[in-house]
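Student: I should like to learn how salt bridges and related side-chain features are read from a model. May we work through an example together?

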Amino acid sequence: LRLLLQRTSSNQPCYQEHTAATTMSFTARTVVRRMAHRNIDWSSSHFKSNPDLAVAVSTFRAWAASAENMAEKYAAPPAVIDFSGFKASARDTSLVESLEAFYKTASPSAESFEWKAEEKAEKLNQIEEAKGRLAFTQEMIEETEAELEFMKANRTTRETSGTDIKEAYPDIAEETEKELEERRWFKDAIA
């Protein structure tokens with residue numbers, strides 16, 4: 001209302017702050033508050049390694065900062081509007097009087113949000129799938145680390161013979177012998 005009254009007394013856009021306030025949902029404010037308590041190193045190299053990720057991170061940080069500013073700005077109830085000042089500066093006082101009557105009689109309900117059961121179940125399912133993928137990834141990491149240790153232990157040098165390589169890598173030795181028997185020496189080199 002204050003913005004509308006300012007609009008009638010001056011030629012500034014009146015809905016800019018109102019629109020920004022209404023687009024900030026309760027969920028967004030809680031996400032920002034939760035993220036604020038976490039110790040995230042935004043200057044870390046993995047946030048800068050990918051240009052798309054860097055853009056997404058900076059966009060998120062800007063959004064989080066604006067959400068926090070709006071949460072602080074709109075946390076307290078608005079101050080009482082002085083309609084007499086607007087009546088003195090507006091050309092059409094009847095408009096100000098009707099807005100004043102509307103202001104005194106209006107009592108908007110509080111905005112509330114309930115998380116739908118389907119959406120909650122979907123998100124919980126996504127979390128479980130991510131945990132499964134995480135377990136698989138951890139398993140792959142362990143296998144890869146073991147393979148690296150094996151490769152370091154069996155590193156080839158000028159003194160390494162073909163027999164040593166066959167003993168270290170029996171699967172490759174078997175594949176090589178099979179290729180020799182079938183006379184397919186260049187099968188990996190020719191497409």
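Tutor: Let us begin with one pair in this predicted model. The side chains of Lys131 and Glu128 form a salt bridge, with an N to O distance of 3.8 Å. The pair qualifies because the cut-off is 4 Å between a side-chain nitrogen of Lys or Arg and a carboxyl oxygen of Asp or Glu.

Student: Where do Lys131 and Glu128 lie relative to each other in helix α8?

Tutor: They are three residues apart, which is about one helical turn. Glu128 is partly exposed, at 48% relative accessibility.

Student: Which helices hold Glu177 and Lys166?

Tutor: These side chains meet in a salt bridge at 3.3 Å, N to O. Glu177 belongs to helix α10 (residues 170-181) and Lys166 to helix α9 (residues 162-168), so the bridge ties together parts eleven residues apart in sequence. Glu177 is partly exposed at 34% relative accessibility, and Lys166 is partly exposed at 45%.

Student: Is Glu100 buried or exposed?

Tutor: A residue counts as buried when its relative accessible area is under 20%. Glu100, at 15%, is therefore buried, whereas its partner Lys104 is exposed at 62%. Their salt bridge spans 3.2 Å, N to O, and both residues lie in helix α7 (residues 93-105), four residues apart. Lys87 joins Glu100 and Lys104 in a network of salt bridges.

Student: How many salt bridges are there by this rule?

Tutor: The count is four.

Student: Which residues form the negative surface patch?

Tutor: The patch consists of Glu139, Glu142, Glu143, Glu145 and Glu149. Glu149 lies in helix α8 (residues 117-153) and is exposed, with a relative accessible area of 51%.

Notes: Residues are numbered from 1 along each chain as its sequence is written. This is a predicted model: local features need pLDDT of at least 70, side-chain atom pairs count only at pLDDT 80 or more; totals for chains, interfaces and linings use all residues. Side-chain values use heavy atoms; hydrogens and water are left out. Patches are made of residues with over 30% relative accessible area and no salt bridge: like charges are joined within 9 Å, nonpolar side chains (Val, Leu, Ile, Met, Phe, Trp, Tyr) within 5 Å. Accessible areas come from the Shrake-Rupley method with a 1.4 Å probe; for residues, only the protein chains shown count as cover. Lys and Arg count as positive and Asp and Glu as negative; His and the chain ends are not counted. The place of a charge is taken as NZ of Lys, CZ of Arg, CG of Asp or CD of Glu. Helices (H or I, at least four residues) and strands (E, at least two) are DSSP runs, numbered from the N terminus. Buried means under 20% relative accessible area, exposed over 50%, partly exposed in between (1.4 Å probe, protein chains only).
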